[in-house]
Amino acid sequence: MIGRNLAIAAAIIALAAVPYAIREPYYVNVASQILLYAIFALGLNILVGYAGLVSLGHAGLFGVASYAVASLLAAGFGHTIAIVGALVVGLTFTAGFAALALRATGISFIMITLALGEILWGLAYRWISLTNGDNGINVSGRPKPFGIALTSANAFYDATLIIFLVAVAAVAIFVRSPFGATLCGTRDQPRRMNALGYHVWMIRFGAFMFSGLLTSVAGVLFVYYNEFISPQTLALTASAEALLMVISGGAGTLLGPIVGAALVVIMKNVVSAYVVRWNFMLGAIFVAIVIFMPEGLVPGAARLFRSAVRMMSRSKPVPVVERMS
Amino acid sequence: MTFWVLLTVNSVTFGGLLFLLSAGFSLIFGLMRIPNLTHGSMFMLGAYLGTTFFSGALGFTVNFWVGAILTGLEVAILGALMERLLLRRLAGQQLAQVLVTLGVSFMVADFCLMGWGGDPISVATPAGLGGFVRVGAAAAPLYRLAIIVIAVIFAIALWLMLERTRLGAMIRAGVDDPQMARVVGIRVSQLFTLVFGLGAGLAGFAGVIGSPILSVYPGLDQDMLPLALVVVILGGTGSLLGSFVGSIIVGFIYNFGQALVPELAYFILFLPMVLVLVLRPQGLFGGQVL
């Protein structure tokens, strides 16, 4: 237990030291992107990994929160109202999403979320009087929590890191809570859970709302990071990227989506400097991961590590009794 | 009055195109139980391949209809290959299959961007169909009427194929109960390849036929795929009648919406889908709950 706490503390210190280690503002910004997308992926993972419901419309929810911030700021409200308002709007849309999509599971759930995400994209793209269409909305300035300006790359990274840590802690607590256990139950044995008296729909709805909250938080961070929002944020490609983060890292693990977010963001920023065809790469990686490593990086690496440890320990003579257990 | 007649003609035309697109989508869904997310890409790929045939980039130009049929065949082969080489490896894992179709759709989209550039390409109306037909005070473009005729011919042909032939009976058996169909000796996995190829070919063909109206541009796939989704959710999966009726409904809503409330056209389009999901989850004509 102590070892675990030490590891967590070391990880936090390492994350906080990142801006001082890399110095270059461009790469600090990439690190901020990783953290904010990790929050998004953590939110999506609640549904994909723990509830067994694959959503292909989450970029819609992400974008709704972003647009809400941008529109409220454009209407002359302050940052506090804009952020709170965006979370409320994000959660309202999530509730609507959930009410419609949770009529189904499995493949149909994918189709419904896909269609709902496309509606939101279509609205952002075509409802020009509200969203300014393809031109997007500019956001001027980042908020100043407790009087600290977030204009520099380092300051924004620190703020994102704090929110990220809170999100990770929230997800960790959520997963270990009785509610998290029942959620996994509805994923593995929905009919049995129903027979045991659990309200499967309500549990899934709750999970959807939590997922939507994390997604909205990430959306708010995103719009402040870019200080700009356009319909591209809501496109199917964006939903697929988020799903790729979850699946490549390992769905249903705490660490997986974070690793996946790092992988995708780094690929996107670094590889796209050399390769123009990012979308082609995205598709190819998707296909490759699904076919060759369906479990994701983190569980795959963990399995390799375990078998390596077993190989190492096999060289020592093991008492028969211990081997039996 | 002229306005409404034209709008109605446009709606039915668009419905006809959508039928060509979504009939395959619906059959694939009904048989393999997966939404084929490359379906919009097949439509776009077909449209782009068509422009290559017509532009003379190959050193010769091809007659419009010959080009459309050739393109349909090409895309059908691609679809069948994709089913054989990629989806077959993941037999039984529907989620993985959906994700693979998603990945391939991105690759196709980028491939088209690479091959044909980002500028929209307009396609000339085929020779002899550039004229108009007078309907009262309105003049309906001949080509749009031709599309309606083609869609009806394909609808009848598909219906005959499904209802009157041995192959059709096998496909229907596969849609109804794949396990039982296997037990009685139908090679369902071969049907998968066949239906996937057929669906892709129809989508590619529809892409060429639609290109004089829609023009060809990057993002065409993302415009068409949600429409096919809506049609199938509306009409019910695996039902030819369902996709026919669904296509006409969506064609009307889409065109009337764009003419009357352009900003919200996309939103209005999805309202009937939401209604159907709430009131009749299996779709208007579908047997199985989605």
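**Exercise 1. Burial and overall form of chain B**

Task: Find what share of the residues of chain B is buried in this predicted model, and describe the form of the chain.

Solution.
1. Of the 290 residues in chain B, 51% are buried.
2. The secondary structure of chain B consists of 11 helices and two strands. Their order along the sequence is α-α-α-α-β-β-α-α-α-α-α-α-α.
3. The radius of gyration of chain B is 19 Å, and the globule rule gives 19 Å for 290 residues, so chain B is as compact as a globular protein of that length.
4. Taken along the principal axes, a box of roughly 60 × 50 × 35 Å holds the C-alpha atoms of chain B.
5. Among the contacts in chain B with a separation of 6 or more, 75% join residues 24 or more positions apart.
6. As for confidence, chain B has a mean pLDDT of 85, and 97% of its residues reach 70 or more.

**Exercise 2. The form of chain A**

Task: Describe chain A by its secondary structure, its radius of gyration and its buried share.

Solution.
1. Chain A has 15 helices and two strands.
2. Its radius of gyration is 21 Å, close to the 20 Å from the globule rule for 325 residues, so chain A is as compact as a globular protein of that length.
3. The C-alpha trace of chain A spans about 75 × 55 × 40 Å along its principal axes.
4. Buried residues account for 45% of the 325 residues in chain A.
5. In chain A, 75% of the contacts with a separation of 6 or more are between residues 24 or more positions apart.

**Exercise 3. A helix checked by its length**

Task: Test whether the end-to-end distance of helix α3 of chain B agrees with its 22 residues, then say what its buried residues pack against.

Solution.
1. Helix α3(B) covers residues 64-85. At 1.5 Å a residue, its expected span is 32 Å.
2. The end C-alpha atoms of the helix are 31 Å apart, which agrees with that expectation.
3. Buried residues in α3(B) include F64(B), G67(B), A68(B), T71(B), G72(B) and V75(B). Also among them are L78(B), M82(B) and E83(B).
4. An α-helix has 3.6 residues a turn, so residues three or four places apart point the same way.
5. The partners of the buried residues of α3(B) are α2 (39-55), α4 (94-116) and α8 (188-214) of chain B.

**Exercise 4. The largest nonpolar core**

Task: Identify the residues with the most contacts inside the largest nonpolar core, and the helix that gives the most to this core.

Solution.
1. The core has 191 residues, and I39(A), V69(A) and V230(B) have the most contacts inside it.
2. Helix α2 of chain A, residues 25-51, gives the most to this core, with 17 residues.
3. Leaving out residues up to four places away in sequence, I39(A) touches I163(A), F164(A), A167(A), L214(A), V217(A), A218(A) and L221(A).

**Exercise 5. Where the chains meet**

Task: Describe the side of chain A that touches chain B, and place I112(A).

Solution.
1. In chain A, 33 residues are in contact with 37 residues of chain B.
2. Helices α5 (106-126), α6 (128-131), α11 (236-249) and α13 (278-292) of chain A each supply at least two residues of this side.
3. The largest share, 12 residues, comes from α5(A).
4. By class, this side of chain A has 23 nonpolar, six polar and four charged residues.
5. I112(A) lies in helix α5 of chain A. With 26 other C-beta atoms within 10 Å, I112(A) is buried, because 20 or more are needed.
6. Beyond residues up to four places away in sequence, I112(A) touches L100(A), A101(A), A104(A) and L277(B).
7. The C-alpha atoms of I112(A) and L100(A) are separated by 7.7 Å, and the two residues are 12 apart along the chain.
8. For the model, ipTM is 0.77 and pTM is 0.84.

**Exercise 6. Two positive phi angles**

Task: Locate E227(A) and S215(B), and give the phi angle of E227(A) and of S215(B).

Solution.
1. Most residues other than glycine have a negative phi, and most peptide bonds are trans.
2. E227(A), not a glycine, has a positive phi of about 55°. It sits in the loop between α10 (200-226) and β2 (228-229) of chain A.
3. E227(A) counts as partly exposed, with 14 C-beta neighbours inside 10 Å.
4. S215(B), not a glycine, has a positive phi of about 60°. Its loop lies between α8 and α9 (220-235) of chain B.
5. S215(B) counts as partly exposed, with 14 C-beta neighbours inside 10 Å.

Technical notes: Residues are numbered from 1 along each chain as its sequence is written. Chains are lettered from A and ligands numbered from 1 in the order in which they are written. This is a predicted model: local features need pLDDT of at least 70, side-chain atom pairs count only at pLDDT 80 or more; totals for chains, interfaces and linings use all residues. Helices (H or I, at least four residues) and strands (E, at least two) are DSSP runs, numbered from the N terminus. The radius of gyration is taken over C-alpha atoms; the globule rule is 2.2 Å times the number of residues to the power 0.38. A residue is buried if 20 or more other C-beta atoms lie within 10 Å of its own, exposed if 12 or fewer, and partly exposed in between; C-beta atoms are placed from the backbone. Two residues are in contact if their C-beta atoms, placed from the backbone, lie within 7 Å. A nonpolar core is a set of buried Ala, Val, Leu, Ile, Met, Phe, Trp, Tyr and Cys residues joined through C-beta atoms within 7 Å. Ala, Val, Leu, Ile, Met, Phe, Trp, Tyr, Cys and Pro count as nonpolar, Asp, Glu, Lys and Arg as charged, and the others, Gly among them, as polar. The expected span of a helix is 1.5 Å times one less than its number of residues. pLDDT is the predictor's confidence in each residue, from 0 to 100.
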